[in-house]
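Have your viewer ready and a selection box open. We will go from one residue to its surroundings, then along some strands and out to the surface.

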Amino acid sequence: MKIKVLGIAVALGLCNFTASADENLLGYVKGAETLPEGSAEVYQFFTKRLGKTVGHYEALDTKTEFEYGLTNAFNISFALKGMSLDTNGIIIDGYMPKDNDFGWKLSGLEAGFKYNFLSPALDDFGLSMYGSMDYSWVDNHSGQDKDTLSLEMMMLMQKYFLEGQLVWTGNLGFEATGAKRKAIAGLPEDFEWPTEAEMEIELIAGTGMSYRFAPNWFIGAEALYEEEHETEVNLERYSWFAGPSIHYGDAKWWATLTYMKQLKGGGEKFDEQTDNDLHLIEKTEAEWRLKFGYNF
């Protein structure tokens, strides 16, 4: 075990890295590196979701996560999630029943793990498995009361090029979700707001590249594809997002800022949306994400 830790340190030294092993170079696509045994890291995520081409839609999602290295290969994590929402002039049958505006509030809990099979620093190609269980009680789209339990499983891949100056990461996985909306009083009789339990499967694929253009600084780009299957309609939605990122990593902390724009989307749409090439019922036109990490 000590030999492996020394090897990682040497390899990262050759790559001229200065931050933690699980440093997030991109905003959405996850890397395969794990924290060393006995070390820990705290993450803070802020994700702003903006626009549905009509009305006003602005949501802020937050995630505060603690990750700990049980071994060099196995990490566990726990997180608190929150959100705020400001939306008006958007009514979507079955999804957004009314205008909503509230400040930040706690919205969910998450527990996760990451297990490393191959280290990108030692084995030329990095491969890890990531899993998480998420429970939330606020609907991520409308802000209405909704109990949701999700299981996410994902393979994380990573490879260094040019002695670590260029880093590729790739993700492939799925998320299984069970959800149940709470009833809302006073809705129009013809408005659909199902309160029976729902089951959905989401397939996820992502890829990204990061390039170190100055000491501690990386510039990158990433793309994310998601599609969701629901029991009654099979393929319910799909979307392509892509965008640039900028990253700074110091010896103890790092920060990443990412902008993602929806390039293409399909599946269910609502009548009032003005761009029919996008999926805007559950997704937005664009997202910003700011992430901080501190290791100790």
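Start by selecting Met-96 in this predicted model. Leaving aside residues up to four places away in sequence, Met-96 touches Lys-52, Tyr-57, Thr-87, Ile-90, Ile-91, His-141, Ser-142, Phe-191 and Trp-193. Now add Tyr-57, Leu-85, Ile-90, Ile-92 and Phe-270: together with Met-96, these have the most contacts inside the largest nonpolar core, which has 15 residues. Colour β2 (56-69) and β3 (74-88) as well, since these elements give two or more residues each to that core. For a second, separate core, pick Met-154, Leu-156, Leu-224 and Phe-241, which are among its nine residues.

Next, go back to β3 and show strand β4 (residues 100-118) beside it; the two pair in the antiparallel sense over 13 bridges. Zoom in on Ala-79, and you will find Glu-110 of β4 standing opposite. What pairs with β4 over ten bridges? Select strand β5 (residues 126-138), again antiparallel to β4. Here Phe-113 has Gly-131 in β5 as its bridge partner.

Finally, turn to the surface and select Phe-161, Leu-162, Met-209, Tyr-211, Phe-213, Trp-217, Ile-219, Ile-246, Leu-257 and Trp-288. They form a nonpolar patch with about 900 Å² of accessible area together. β8 (198-214) and β9 (217-230) each supply at least two of the patch residues, and β8 gives the most, with three. End at Leu-162, in the loop between β6 (145-161) and β7 (166-181). Is Leu-162 buried or exposed? Its relative accessible area is 57%, so Leu-162 counts as exposed, the cut-off being over 50%.

Methods
Residues are numbered from 1 along each chain as its sequence is written. This is a predicted model: local features need pLDDT of at least 70, side-chain atom pairs count only at pLDDT 80 or more; totals for chains, interfaces and linings use all residues. Side-chain values use heavy atoms; hydrogens and water are left out. A nonpolar core is a set of buried Ala, Val, Leu, Ile, Met, Phe, Trp, Tyr and Cys residues joined through side-chain atoms within 4.5 Å. Buried means under 20% relative accessible area, exposed over 50%, partly exposed in between (1.4 Å probe, protein chains only). Helices (H or I, at least four residues) and strands (E, at least two) are DSSP runs, numbered from the N terminus. Contact means heavy atoms within 4.5 Å. Two strands pair if DSSP finds at least two bridges between them. Patches are made of residues with over 30% relative accessible area and no salt bridge: like charges are joined within 9 Å, nonpolar side chains (Val, Leu, Ile, Met, Phe, Trp, Tyr) within 5 Å. Accessible areas come from the Shrake-Rupley method with a 1.4 Å probe; for residues, only the protein chains shown count as cover. A salt bridge is a side-chain nitrogen of Lys or Arg within 4 Å of a carboxyl oxygen of Asp or Glu.
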